[in-house]
Amino acid sequence: MTQEELAAALDVSHQSISKWESGQTMPGLDKILLLSDFFGVSTDYLLKDAIESDAAIAAPGLVLERNTPERRSLLVSLGLFMIVAGCGGILFLWIHSVLYPPYTMGRTLNPLRMFLFYIRYTGKEDWILVLAASAVAGAGISLLARRRNKTQVGVKRAPAASARPGENADEATSGAVRKE
């Protein structure tokens with residue numbers, strides 16, 4: 001991108017862009033906001049001399065912090081998707097083996113043996129491994145994310161001192177999550 005193209009996008013002269021680059025002048029607040037939107041970076045990235053990490057370059061809201069409810073929810077969703085994809089793929093192969101059975105040389109096979117013969121006959125052993133691994137990995141991801149969520153649910157609070165007569169302390173803390 002040239003200075004002229006950036007100047008046209010921001011509605012300033014190319015001399016202004018040159019002065020900003022050389023450090024002779026600083027852009028106004030309105031131009032800093034336009035630059036931030038134009039390049040998809042935060043205003044901190046534009047104004048600070050040193051950036052501590054690449055996470056600061058990302059647009060706000062795209063980086064999920066560790067152990068937040070949003071991240072755990074996303075991991076549970078990913079795990080469930082992997083389970084559904086893996087089991088759905090295996091189910092698809094089973095239905096395909098029933099609809100298009102391989103030639104079994106006149107032998108009658110039960111449905112499980114027919115499915116296994118179909119997998120070997122068509123060379124889809126790798127597919128089954130990938131689909132089963134996806135389902136198992138999805139279950140692991142989902143369970144771990146849920147387990148972390150349950151262990152970090154809340155903090156045990158002391159009973160409220162302002163409990164009214166006839167009201168127990170748990171009702172007075174209305175909404176406090178107690179860890180058992």
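**Figure 1. Tyr100 is an exposed residue of the predicted model.** Tyr100 counts as exposed because its relative accessibility is 53%, and the cut-off for that class is over 50%. The residue sits in the loop that links α5 (69-99) with α6 (111-122).

**Figure 2. A nonpolar surface patch includes Tyr100.** Leu91, Trp94, Ile95, Val98 and Leu99 join Tyr100 in making this patch, which covers about 610 Å². For the protein, the accessible surface comes to about 13,400 Å². Carbon and sulfur atoms hold 59% of that surface.

**Figure 3. The protein is built from eight helices and zero strands.** Read from the N terminus, the order of elements is α-α-α-α-α-α-α-α. The protein has 180 residues, and 21% of them count as buried. Among contacts with a separation of 6 or more, 40% are between residues 24 or more positions apart.

**Figure 4. The largest nonpolar core has six residues.** Its members are Leu6, Ala7, Leu10, Ile17, Trp20 and Leu35. Helices α1 (3-10) and α2 (14-22) supply at least two residues each to this core. The biggest share, three residues, comes from α1. A second core, separate from this one, has five residues, including Leu93, Phe115, Ile119 and Leu131. In soluble globular proteins, nonpolar side chains tend to be buried together.

**Figure 5. Trp20, a member of the largest nonpolar core, and its contacts.** Neighbours within four places in sequence are left aside in this view. The remaining contacts of Trp20 are Leu10, Val12, Thr25, Met26, Pro27, Lys31 and Leu35. Of these partners, Leu10 and Leu35 are also listed in the largest nonpolar core.

**Figure 6. Lys31 is buried and has no salt bridge.** Lys31 belongs to helix α3, residues 29-39. The nearest side chain of opposite charge is that of Asp30, at 4.4 Å. Lys31 has no salt bridge to Asp30 because a salt bridge requires a side-chain nitrogen within 4 Å of a carboxyl oxygen. With residues up to four places away in sequence not counted, Lys31 touches Leu10, Asp11, Val12 and Trp20. Leu10 and Trp20 also appear in the largest nonpolar core.

Terms used: Residues are numbered from 1 along each chain as its sequence is written. This is a predicted model: local features need pLDDT of at least 70, side-chain atom pairs count only at pLDDT 80 or more; totals for chains, interfaces and linings use all residues. Side-chain values use heavy atoms; hydrogens and water are left out. Helices (H or I, at least four residues) and strands (E, at least two) are DSSP runs, numbered from the N terminus. Buried means under 20% relative accessible area, exposed over 50%, partly exposed in between (1.4 Å probe, protein chains only). Contact means heavy atoms within 4.5 Å. Accessible areas come from the Shrake-Rupley method with a 1.4 Å probe; for residues, only the protein chains shown count as cover. Patches are made of residues with over 30% relative accessible area and no salt bridge: like charges are joined within 9 Å, nonpolar side chains (Val, Leu, Ile, Met, Phe, Trp, Tyr) within 5 Å. A nonpolar core is a set of buried Ala, Val, Leu, Ile, Met, Phe, Trp, Tyr and Cys residues joined through side-chain atoms within 4.5 Å. Lys and Arg count as positive and Asp and Glu as negative; His and the chain ends are not counted.
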